[in-house]
Amino acid sequence: MKLTHFIGGQQVEADTPFNSINPSNTDEVIASYPAGGKAEVDAAVAAARAAFPAWSMGSPELRSDLLDRVGNTIMARAAELGELLSREEGKTRPEGMGEVMRAARIFKYFAGEALRRHGQTLESTRPGLDVEVWREAVGVYGLITPWNFPIAIPAWKSAPALAFGNTVVLKPANPTPAIAHALATIIHEVAASLNAPAGIFNMVLGQGGVGSAIVDHPDVNGISFTGSQGVGAKVGLAAMTRQARVQLEMGGKNPLVVLDDADLERAVAIALDGGFFQTGQRCTASSKVIVQDGIHDRFVEALAARAKALKVGSALDPSTQVGPASSDTQFEQNLRYVDIATSEGGRLVTGGDRLSLDTPGYYMSPTLIADTNPDMRINNEEVFGPVVSTVRAKSYEEALELANRGNFGLSAGIVTTSQKYARHFKKNIRAGMVMINQPTAGVDYHVPFGGSRGSSYGAREQGFAAVEYYTQMKTVYVGD
């Protein structure tokens, strides 16, 4: 596949010096893509700015229809999109299909929200006046998205932006441009069929300079970024310097607490799901499991056995349970953290190996590291791979204190049969999302998503909360 930019309702061709590689078979090139830069970003922002008045002031029914049709088209093409996603990102075919369907549902959800942009009418304190409070579109949004959910995250940023009358410039992640291109193609097809203003949705492919050009552009009114803390801090500072809106999602080191009273089989299943599925490449993955002494040894033994039995393989192999890392960079990072953890005193219970399979790929055995202490790097830094560490706790109180350490606060979970501890945990854990007897990974598309501390900055994403970020309030006084 030779990919293009999308600017002003047109596919813009350019030389394609960069490739996306199949992580299940590194001999296969999925797509080549162009090296966009400031000129392309300038053109995309100008197109988005030109489209904004007609799009924002037009009927919300057009916006609703467009998003609904995008959702329906994604569903109709789910099989081919799911396969493309799995080939390019490395998720198993069921995981790829699941993400595609999630993206479709997001567009259809915001099709409804486009018609529900509420306002208020209030009585003034002064006789003869009424007060109206509206929500209105902000302008042009720059969206910078990661590779681990390469269609769902562009969906949950672009759908609300478009629903509430804004226009978009998207910069997708370098490892997964083909699935982003497929999404952009669908949006453009639907927009053209409805005679929507050209330029409501634009996409520029390229390296990091594209993201910087979007963040620094004076005509971009808001930035929504998902990625690392280091890059997120730079994005935030640059956006705030010119007083643009900014929303940052920057990952997590999500604790799962397992108490003595937990059902062992259920606790192991929850940890297995949260730690290893989707190759651990989820910002909500439970890569740090805090286990109370009374159940610790049995838990570690059982989780190790379940992890060792997982089938690692090609994303499209029906028997595969854990696919490859998405890139060589991520693969090497996973292995490096295993070395760091064991050098600091952690005990490698299972996994940690490079695997040689039928095709060359970024294959790694699911890894469990026990006997770690809370201050080790493995318990404080995001690995983003199929690597889980365990920490002992003598009591619930100690487990809660350990879970609240560190600079992340995205998702946290507890496995217990005690309503007392479950109730206390959900009120006292410092995280934006709390899971009771559920994996820390796995959230619905119609409710707010986001964390506390260093995991998130700005308004929440997804669901009914998205209106806060993608609209601004206007207060109008109406006299006789």
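This passage describes aromatic pairs, a charge over a ring, two residues with positive phi and the surroundings of one threonine in a predicted model.

Aromatic contacts come first. The structure contains 11 aromatic pairs. One of them joins Y469 and Y470. Their ring centres lie 4.9 Å apart, and the planes meet at 80°. The pair is therefore edge-to-face, as the angle is over 60 degrees. Y469 has a relative accessibility of 4% and so counts as buried. Y470 is also classed as buried, because its relative accessibility is 2%. Both values fall under the 20% limit for burial.

Ring pairs also build a cluster. Its members are Y109, F110, F164 and Y445. A ring takes part in a further kind of arrangement at F149, where the charged end of K91 sits over the ring. The distance from that charged end to the ring centre is 3.7 Å.

Backbone geometry singles out two glutamines. Q243 is not a glycine, yet its phi is positive, at about 65°. This residue occupies the loop that runs between α8 (229-241) and β11 (245-249). Q243 counts as exposed, because its relative accessibility of 75% is over the 50% limit. Q462 likewise has a positive phi, near 70°, and is a residue other than glycine. Its loop lies between β19 (456-457) and α14 (466-470). Q462 has a relative accessible area of 1%, so it is buried. Thus Q243 is exposed, whereas Q462 is buried. The helix α14 that bounds the loop of Q462 spans 466-470, and the edge-to-face pair is formed by Y469 and Y470.

T440 was examined through its contacts. This threonine is placed in the loop between β18 (433-436) and β19. Its relative accessible area is 0%, and T440 is therefore buried. Two polar contacts involve its side chain. In one, the side chain of T440 reaches the backbone oxygen of T284 at 2.7 Å. In the other, a polar atom of the T440 side chain lies 3.1 Å from the backbone nitrogen of S286. Both partners recur in the contact list of T440, which includes T284 and S286. A285 is touched as well. Contacts with N254 and P255 are also present. S411, A412 and G413 are further neighbours, and M435 completes the list. Residues up to four places away in sequence are left out of that list. M435 belongs to the range of β18 (433-436), the strand that bounds the loop of T440.

Notes. Residues numbered from 1 in each chain as written. Heavy atoms only, no water. Phe/Tyr/Trp six-rings, centres within 6.5 Å; stacked < 30°, edge-to-face > 60°. Buried < 20%, exposed > 50% of the residue type's maximum accessible area, 1.4 Å probe, protein only. Lys NZ or Arg CZ within 6 Å of the ring centre and 35° of its normal. Helix = DSSP H or I, 4+ residues; strand = E, 2+ residues; numbered from the N terminus. Polar contact = N/O pair within 3.5 Å; in protein donor to acceptor, adjacent residues only side chain to side chain. Contact = heavy atoms within 4.5 Å.
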